[in-house]
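Reader: I would like to learn how to read domains, interfaces and cores in a model such as this one. Could you take me through them in turn?

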Amino acid sequence: MAEKVSGATEQFDFEKQKRKDEMKQQVITFVLMIVFTIVAFAMIEAELDRLFVIPVLLVLAAIQVGFQVYYFMHMSHKGHELPAVMFYGGVFTAFLTILALTVLVWW
Amino acid sequence: MSTMVATNKKGLGATLWDYLTTVDHKKIAIMYLIAGGFFFIIGGLEALAIRWQLVQPMNDFVSSGFYNELITMHGTTMIFLAAMPLIFAFMNAVVPLQIGARDVAFPFLNSLGFWLFLFGGIMLNVGWFTGGAADAGWTAYAPLSTTSIGEGVDYYVLGLQISGAGTLIGGINFLVTIVNMRAPGMTYMRMPLFTWTAFVASALILFAFPALTVGLFLMMFDRLFGAGFFDPAMGGNSVIWQHLFWIFGHPEVYILALPGFGIFSEIISTFSKKRLFGYTAMVFATVLIGFLGFMVWAHHMFTVGMGPAANSIFAVATMAIAVPTGIKIFNWLFTLWGGSIQINTPMLWALGFIPTFTLGGMTGVMVAAASADFQYHDTYFVVAHFHYVIVGGVVFALFAGTHYWWPKMFGTVLDDKLGKLTFWLFFIGFHLTFFIQHFLGLMGMPRRYWVYMENQGLDLGNMISTIGAFLMGLGTIVLLINIIKTSVKNEKVSGDPWDARTLEWAIPSPPPFYNFKQLPLVRGLDPLWVEKTEGRKGMTPAEPLTDIHMPNNSFLPFVMSLGLFIAGFGFIYQKHDLSWLIVLFIGMGITLGCMLVRSVKDDLGYHVHKEDLKKEAEE
Amino acid sequence: MSEQDILNPKHMPHDPEKATLEGKNKFMGFWFFLGGETVLFASLFGTYLALNDSTNGGSSSEELFGLELVFIMTMLLLTSSLTSVYAMYHMKNHAFKKMQIWLGITVALGLGFLGCEIYEFYHYIHGEHFTMRSSAFGSAFYTLVGFHGGHVVFGLLWIIALMIRNARRGLNLYNAPKFYLASLYWHFIDVVWVFIFTVVYLMGVL
């Protein structure tokens, strides 16, 4: 495909190369996510201690979500400052909501 | 071109069609104003009925069941169908003009948001005609709401769900508008305070309304589809509703109050002929109130039994909000100090607001003390408190904004004498109604009771309260007369009748549909005032005269909302008879079909050509 | 109108989804919407966590959930997330055909996920007699997972509609933001699923 676009400017080639490098990162990210998922399921199958498994599971999930948001959804790119503000605003509210519904509802 | 035809010589049908399909933020603002004003009057009539029932001990003006419907619908109508849309009316009318934009970021969604609100509002009120409106209080606590007989609460759930979707859409729209559409030079720290408060309020809408959405879904599943979220017999827990409702409900207070603060900031600055004192601190306080507003919801639930630790945390967080609010109060006072103050109707409302809202804030700190709240909870003390906050902070602001921005929206100035009469009637009436209720509450009168006994010291207080309520009604009637009188007289005014400071006054009243012929260059806070102090008449343009891109009108938002309205009936009545599911599918089909049409049909808008702009300028 | 906007590499912006003001607005607004969606799902998760032991004497999560199917579903959805990244990669390179192919794969994987979920629900309802009306746990489970499933359905319909609508005319500055938003939405669905398989299924059988 790249050969056909002979009239492309240097800028375009540069951007394209950059995207290609990034795409490699994405694939690595994906492999890591798969590994994390397998680890998560394996921990359950291995029937390890609850107190150990639950925090690790949540950490693994958080890292996976970080990968999704920063790499797959490109939040690491420029121009995502306000999206990040509003997204983390949502995460903050989400945290408060879940905290309240798990900690303050017990009867 | 055809697009340049002005709207003033159209027939009724064409005008109606124009408003049904419009995506112009100024026309949507007018529709919000009319619809919100209509619901304000409905809610007001409900309030008068409540007060008339309580005018004497053991009154039998309305039945107990009907009284429950009245208090429920009064609260719901006033918050969701009057205050919210009226705030949106001013946000629509003013924010794009204040930041120097030609329209909002999503004109189509703007129109969709309005129609969703309107159909949701109608849905809520349909209950009156089908055997009783919602009667579980505006907070709709389970299990009262989940066991309420009839369809009233179903209409509440579906109506709020539909109008809530509209509000969420509106909130996102204003966030993006303010982020992306500011004129050259309009930095964040040059935005007028009303725009800032609209921005923070929109962010609060974005984060608060989803909790309500979920709460309403759960309620719907419980009531209509046999789920057991709030039903202890199935292992459910009714406190979940309370949390979800207040996670939304408390930020909602600030969603309403912050734009109110913004309106007063504009008015006080304009009529003191001074730049707003402590602008930076005001912005900071606005953001801080928005942030803290999310961490205090459980102060509505002190008596639920969350335990002393949780109660203390929420009590302290609540009291902390008094600090940024205090900063604002002092900044308004310092803006007034040494200004060349002009007292007219908007300014009167602003001056009346400061002590009124401060009183509401004081009682707010009182009820925030968790241990003391066990005494105040569910008494008229709380009723008095939140009316001081919501009426003093929001309704006063809406009256003030109506008088202040009327010329910008309609090109005429409301009569000042009648305006002042409205203010004094409403202001005196308000304090008569609610000040005495503090004491009624302290004497132990519980809220939401439809009668009280004789000779318990409550008779006189209630009588006074009712008289006050009717004075407020009178004040509103005077405003309506004023509007009719002004519209009939139809004396057009200039673009800047108040000698004001912000961008919206730099263009004609009412503005042309494209707002700014050339986008203005903003060179400081209060951009118009900056130009005036340097001897210029208007803004310096930031661009040459070019073609202006405008969005197309569309009928889809109306149909889309109508589809959900129809589906709502299907959702409700399938609980009696499953054949109503057909109605549900038809309604959802209409809505989803419209979404598909919107998705596949390109809507590229049109251009106003610069030749036409020039021609228009010569005329 | 749209003919002029057909992208070709000679005069092309390297972020076609954000090249126009409309595109910028959509991009910004959609991210804000996802911030709101986060709160929406948090409310559902919170409700689920508050009620996940309230089985009312009926089936509990340990008895119900089988991890094999969930593992397959997770793999399907994770992979579909990567394929939609590939689609966006080709969009930025203006390789429309390749973009369509990768989107097609994404849709196929999404359909596979949806099929598994329908099978799962069918199995619970008819095999285990576990429904939304069984207990508060049942209500919370079906609502949370069903909301996610609803998002999957909507996302699939959205992507399919975009693919069909633009099959003939290719990529331009008007529809590039639409594709980009649909892919963001798809990633967000995956983000939610990561928490669902962790919190609902894995912690549910623990």
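Reader: How far apart do the C-alpha centres of domain 1 and domain 2 of chain A lie?

Author: This is a predicted model, and in it the C-alpha centres of domain 1 of chain A and domain 2 of chain A lie 22 Å apart. The domain assignment of chain A places domain 1 at residues 2–75 and domain 2 at residues 77–107.

Reader: What area do the two domains of chain A bury between them, and which residues of domain 1 lose the most?

Author: The size of an interface is often given as the accessible area lost when the parts come together. For domain 1 and domain 2 of chain A that area is about 530 Å², with 60% of it on carbon and sulfur atoms. On the side of domain 1, Tyr70(A), His74(A) and Met75(A) lose the most area to domain 2, and together they account for 74% of what that side buries. In terms of contacts, six residues of domain 1 of chain A meet five residues of domain 2 of chain A. The count of residue pairs in polar contact between these domains is five, both residues being at pLDDT 80 or more, while the rule finds zero salt bridges across this interface.

Reader: How should I read the interface of chain A and chain C, and how many residues are in contact there?

Author: The same kinds of value can be read here. In this interface 51 residues of chain A are in contact with 51 residues of chain C, and the area buried between the two chains is about 4,600 Å², of which carbon and sulfur atoms give 81%. Within chain A, Arg19(A), Phe41(A) and Met73(A) lose the most area to chain C, together 15% of what that side buries. Between chain A and chain C the rule finds zero salt bridges, and six residue pairs are in polar contact, both at pLDDT 80 or more.

Reader: Which helix gives the largest share of the side of chain A that touches chain C?

Author: That share, 17 residues, comes from α1(A); α1 (10–45), α2 (50–72) and α3 (81–103) of chain A each supply at least two residues of this side.

Reader: Which residues touch the most other members of the largest nonpolar core?

Author: They are Phe32(C), Phe141(C) and Tyr201(C), in a core of 290 residues. Helix α7 (residues 193–225) of chain B gives the largest share of this core, 23 residues, and the core also draws at least three residues from each of domain 1 and domain 2 of chain A. Leaving aside neighbours within four places in sequence, Tyr201(C) is in contact with residues including Phe65(C), Tyr124(C), Phe141(C) and Trp193(C).

Notes
Residues numbered from 1 in each chain as written. Chains lettered and ligands numbered in written order. Predicted model: local features only at pLDDT ≥ 70, side-chain atom pairs only at ≥ 80, totals over all residues. Heavy atoms only, no water. Core = buried A, V, L, I, M, F, W, Y, C linked by side-chain atoms within 4.5 Å. Buried < 20%, exposed > 50% of the residue type's maximum accessible area, 1.4 Å probe, protein only. Helix = DSSP H or I, 4+ residues; strand = E, 2+ residues; numbered from the N terminus. Domains from an automatic or database assignment. Contact = heavy atoms within 4.5 Å. Buried area = accessible area lost by both parts, 1.4 Å probe. Salt bridge = Lys/Arg side-chain N within 4 Å of Asp/Glu carboxyl O. Polar contact = N/O pair within 3.5 Å; in protein donor to acceptor, adjacent residues only side chain to side chain.
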